[in-house]
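This report goes through a structural model, beginning with its aromatic side chains and ending with the chain as a whole. Please keep the sequence and the structure in view while reading.

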Amino acid sequence: MSFETIAADFYGFESSLTDQEKDVIVRLRAFLEEKVRPVANDLWAKAEFFDRDVIVKGLADLGLFGQPWAETQQFPNSAVFRGWVALELARVDASVATLVGMQNGLVMGSIAVAGSPEQRAEWLPKFASGELLGAFGLTEPLSGSDSARGLRTTAKRDGDNWVINGAKRWIGNGSISDVTIVWAKDVDDEQVKGFIVPTSTPGYSAKRIENKQALRIVQNADITFTDMVVPEANRLQESKSFRETAAVLRLTRAEVAWAAIGNSIGAYDAAVAYSKERFQFGKEIASHQLVQELLAKSLGNITASIGLVTRVSEMLDEGVQKDEHSALAKEYAASRMRETVAWCRELMGGNGIVLDYGVMKFFADAEAIYSYEGTREMNTLIVGRAITGKAAFV
Ligand SMILES: Cc1cc2nc3c(=O)[nH]c(=O)nc-3n(C[C@H](O)[C@H](O)[C@H](O)COP(=O)(O)OP(=O)(O)OC[C@H]3O[C@@H](n4cnc5c(N)ncnc54)[C@H](O)[C@@H]3O)c2cc1C
């Protein structure tokens, strides 16, 4: 099977990937068409997780977990390639993109950024192979945007152990993961630290959040920790303050921007196809000027966003990407996504709100992508601080 850029990549950005990277993209597309697209709407409607043996194992076999990290990297690859992986996943289903983003970025990223060499060697291969499914526990019932200073979950050192108490909310995979990375405030020095917590640990209790109407395949959970004892060996050894947590989020935020574009393309592709099938006033709606305008505006949003995220990923590889760069990319791509999925929904008239017509899942999932990994407001404030030198987080 040979590589072709997708129609929504209007300027052909994806053609700049290496042959090896293109080969992975071709195999990923085939996997998604065969294993994910046929089941995505049904699982979404039922709010059920993927078949782990098929999807988590299949993504692991494609080598999608662990590409950024030395211990698990299968071949040299760029941040732009990993961005394209996120886009390709999300244009079929944003939940599968979220699954890879959590396992590869937030979970393995926490261990890669804040773990000791021994912890990296012990844990990363198990996540890379899909043997372990991970979750990332930062957000709390009373602390979302202000998690840098608002965490209430506590960790108290007790000899060779830590005792953790508190609660987390919104944790993706939290009720089905084997291991959850838990961020808690050390009561002695008041600094945030990360812990590798097997979910079988006594005191760990997770409950799925019901009636969620976006990213319904992702199993988000409320978690409580009651006198949960975690060995010092499971504390991320280089995690000394929220600085390390922020470093993980900096790595993953730009990839969420890529996923936002993929989610837009999923809706756009369905809208283009529908415009050629639906007839009104005696001709296909694709030949009505105002319908073409919706498509052209959508493609403009997608194309501008790809240009932006391509550069921000290059900056990561060059070692010059800062918080404000990934914040601007996420804010911009997510805002353009929200416009785009609405235009694509509008183009379909009433059928646009029916899941089977292929836009509604992307329309609803856009709302979750818009708010996680930093809301529009938080990312705007990070950029505003860089512009003015004034922090306006009040
Ligand atoms: C589907 C989904 C999956 C998620 N997965 C995970 C996960 O795996 N792990 C995890 O730890 N978290 C996860 N989250 C949590 C996510 O990161 C938070 O929802 C997000 O950070 C926002 O926090 P919040 O929902 O508590 O909103 P809040 O912080 O309560 O914000 C509410 C509103 O107030 C605005 N606001 C807050 N402060 C300011 C201010 N200073 N100035 C201007 N506006 C402000 C916000 O921008 C927002 O619009 C997930 C969330 C969702 C929806």
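## Aromatic rings

In this predicted model, ring pairs join Phe 10, Tyr 11 and Phe 13 into a cluster. The count of aromatic pairs comes to nine, and one of them is formed by Trp 162 and Phe 195, whose rings meet edge-to-face, with 5.4 Å from centre to centre and 65° between the planes. This pair links distant parts of the chain, since Trp 162 belongs to strand 3 (residues 161-172) and Phe 195 to strand 5 (residues 192-198), the two residues being 33 residues apart. Both Trp 162 and Phe 195 are buried.

## Fold and dimensions

The protein chain contains 11 helices and nine strands. Its radius of gyration is 21 Å, close to the 21 Å that the globule rule gives for 394 residues, so the chain is as compact as a globular protein of that length. Measured out along the principal axes, the C-alpha trace of the protein chain spans about 80 × 50 × 40 Å.

Among the contacts in the protein chain with a separation of 6 or more, 75% are between residues 24 or more positions apart.

## Burial, surface and charge

Of the 394 residues in the protein chain, 56% are buried. The protein chain exposes about 16,700 Å², and carbon and sulfur atoms supply 53% of that area.

As for charge, the protein chain carries 43 positive and 52 negative side chains, and the centres of these two sets lie 4 Å apart.

Terms used: Residues numbered from 1 in each chain as written. Predicted model: local features only at pLDDT ≥ 70, side-chain atom pairs only at ≥ 80, totals over all residues. Heavy atoms only, no water. Helix = DSSP H or I, 4+ residues; strand = E, 2+ residues; numbered from the N terminus. Rg over C-alpha atoms; globule rule 2.2 N^0.38 Å. Buried < 20%, exposed > 50% of the residue type's maximum accessible area, 1.4 Å probe, protein only. Contact = heavy atoms within 4.5 Å. Areas by Shrake-Rupley, 256 points an atom, 1.4 Å probe, with all protein chains shown as cover. Lys, Arg positive; Asp, Glu negative; His and termini not counted. Charge placed at Lys NZ, Arg CZ, Asp CG, Glu CD. Phe/Tyr/Trp six-rings, centres within 6.5 Å; stacked < 30°, edge-to-face > 60°.
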